[in-house]
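Let's take a walk through this structure together. Have the sequence at hand and turn the picture as you read.

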Amino acid sequence: MTRLFSPAIWTVVLAASGVLLVLVPILHLALPETHPLHLSSFWIALLGKFMCYAVLALAMDLIWGYTGILSLGQGLFFALGGYAFGMYLMRQIGRDGVYHSDLPDFMVFLDWKAFPWYWTGSDSFLWASVLAVALPGLVAFVFGFFAFRSRIKGVYFSIITQALTFAAMLAFFRNNMGFGGNNGFTDFKRVLGFAVAAPRTRTTLYVLSGLYLLAALILCRALVTSKFGRVLAAIRDQESRLMFLGYRTLSFKLAVWTLAAIMSGIAGALYVPQVGIINPSEMSPANSIEIAIWAAVGGRGTLFGPILGAFAVNGAKSWFTVAYPEYWLFFLGLLFVLVTLLLPRGLLGLGQSMVQRWPRVSAGSATASSAAIVTVPGAIAENGNAPRAITAIAGEARS
């Protein structure tokens with residue numbers, strides 16, 4: 001039986017989880033705002049958003065990096081999960097809105113007299129949670145069944161997924177859809193009776209996002225190291241030969257495609273209360289293209305790479321859109337071109353290559369050996385060098 005991670009990789013993963021899920025909340029809640037180490041609500045919301053994006057990048061890596069299915073519509077499933085949970089958040093506003101009505105403000109403004117039928121049960125947290133899972137999964141299953149059965153693949157599949165998310169975006173922009181039109185859902189007040197803006201509520205949502213990211217990483221790792229994962233890799237590399245051997249590739253592609261959509265939908269449900277808004281722009285094709293860029297920049301087919309890419313690209317976006325907002329799209333395009341031409345294995349592959357050229361320190365000698373470090377997947381140098389840990393992560397991800 002293939003183990004998920006080596007002890008070295010578990011150490012790195014658990015250490016990172018400890019920093020993000022234990023240390024960061026302590027720095028936010030336990031320290032006063034005047035303390036130099038205090039982390040503000042801005043950073044809690046930002047890191048929570050990044051972790052939701054990281055799950056989205058993991059889902060993209062599962063279908064693109066390991067199965068060879070490039071989707072340019074993954075943002076649709078993310079937004080559907082967000083809208084499903086956003087309906088519940090809108091119902092929790094109650095009469096605290098501008099018009100003091102049981103209906104959301106946008107419905108009152110449009111002179112709606114009652115909730116449409118598809119809002120039935122939206123005041124239930126349990127129903128909203130089920131809907132955030134079932135709706136993206138159902139849409140993905142139906143679309144994937146007909147697309148994969150028709151043997152649509154490659155660039156044609158990418159274009160169709162892009163058209164699908166664009167059509168959904170145009171539909172949600174319409175006011176008569178009952179989802180807030182251009183403005184979407186916003187001005188959330190409560191979740192499960194707790195104030196959304198309260199520090200403890202924000203921290204709880206942040207921790208849940210981090211735990212979900214860790215669970216998604218473990219789940220994806222378990223899948224790609226199993227027989228199921230080997231079949232996915234075979235579909236990516238030579239699907240026709242696999243079909244000749246008697247495998248029903250439709251079932252495997254449909255399963256991983258639906259799973260990726262569900263993962264994205266749950267990430268969207270966690271994203272909305274932390275950001276405080278969900279609107280049709282989340283379904284834009286540009287957002288879905290960015291998701292593919294995260295996976296490519298970090299290093300697709302590695303699991304760790306897309307997580308790194310999601311944090312790196314969105315961190316750069318947060319800085320650029322404040323300092324040089326007019327240059328962000330140029331930077332993003334240049335980054336994608338440079339990674340494609342110069343770093344085909346992404347940032348994680350770059351780190352691995354650099355570590356392999358790191359001089360090896362001989363045991364009992366203070367001088368560096370001329371021999372290069374030999375990468376041993378799942379191992380860390382006895383002296384605990386961090387670069388060896390990076391190499392171990394890359395080796396584990398590609399094993």
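Start on the outside, with leucine 341, which is exposed, its relative accessible area being 65%. That value puts it in the exposed class because the cut-off for exposed is over 50%. You'll find leucine 341 in helix 12, which covers residues 328-342. This leucine has company, too: Leu334, Val337, Leu338, Leu341 and Leu342 make a nonpolar surface patch of about 500 Å².

Now step back and look at the whole thing. Keep in mind that this is a predicted model. The protein chain has 14 helices and six strands. Of its 399 residues, 47% are buried. The chain exposes about 19200 Å², and 68% of that comes from carbon and sulfur atoms. As for how the chain folds back on itself, take the contacts with a separation of 6 or more: 73% of them are between residues 24 or more positions apart.

Next, zoom in on helix 6, residues 154-172. How far apart are its end C-alpha atoms? They are 28 Å apart, which agrees with the 27 Å that its 19 residues should span at 1.5 Å a residue. The buried residues in helix 6 are Phe157, Ser158, Thr161, Thr165, Ala168, Met169 and Phe172. These residues cover an arc of only 115° around the axis, so they sit on the same side of helix 6. Swing round to the other side of helix 6 and you meet Val155 and Tyr156, which are exposed. And what covers the buried residues of helix 6? The cover includes helix 3 (74-91), helix 5 (125-149), helix 9 (249-275) and helix 10 (285-298).

Helix 5 is a good place to stop next, since proline 136 is found there. With a relative accessibility of 0%, proline 136 counts as buried. Leaving out residues up to four places away in sequence, proline 136 touches Phe77, Leu80, Gly81, Leu131, Ala261 and Gly265. Here's a nice pairing to look for: phenylalanine 78 is 58 residues away from proline 136 in sequence, yet their C-alpha atoms are 7.8 Å apart in space.

Finally, head to helix 1, residues 7-29, where histidine 28 is found. Is histidine 28 buried or exposed? At 6% relative accessibility, histidine 28 counts as buried, because the cut-off for that is under 20%. Setting aside neighbours within four places in sequence, histidine 28 is in contact with His38, Leu39, Ser40, Ser41, Ile44, Pro199 and Thr203.

How values were computed. Residues are numbered from 1 along each chain as its sequence is written. This is a predicted model: local features need pLDDT of at least 70, side-chain atom pairs count only at pLDDT 80 or more; totals for chains, interfaces and linings use all residues. Side-chain values use heavy atoms; hydrogens and water are left out. Patches are made of residues with over 30% relative accessible area and no salt bridge: like charges are joined within 9 Å, nonpolar side chains (Val, Leu, Ile, Met, Phe, Trp, Tyr) within 5 Å. Accessible areas come from the Shrake-Rupley method with a 1.4 Å probe; for residues, only the protein chains shown count as cover. A salt bridge is a side-chain nitrogen of Lys or Arg within 4 Å of a carboxyl oxygen of Asp or Glu. Helices (H or I, at least four residues) and strands (E, at least two) are DSSP runs, numbered from the N terminus. Buried means under 20% relative accessible area, exposed over 50%, partly exposed in between (1.4 Å probe, protein chains only). The expected span of a helix is 1.5 Å times one less than its number of residues. The arc is that of the directions from the helix axis to the C-beta atoms. Contact means heavy atoms within 4.5 Å.
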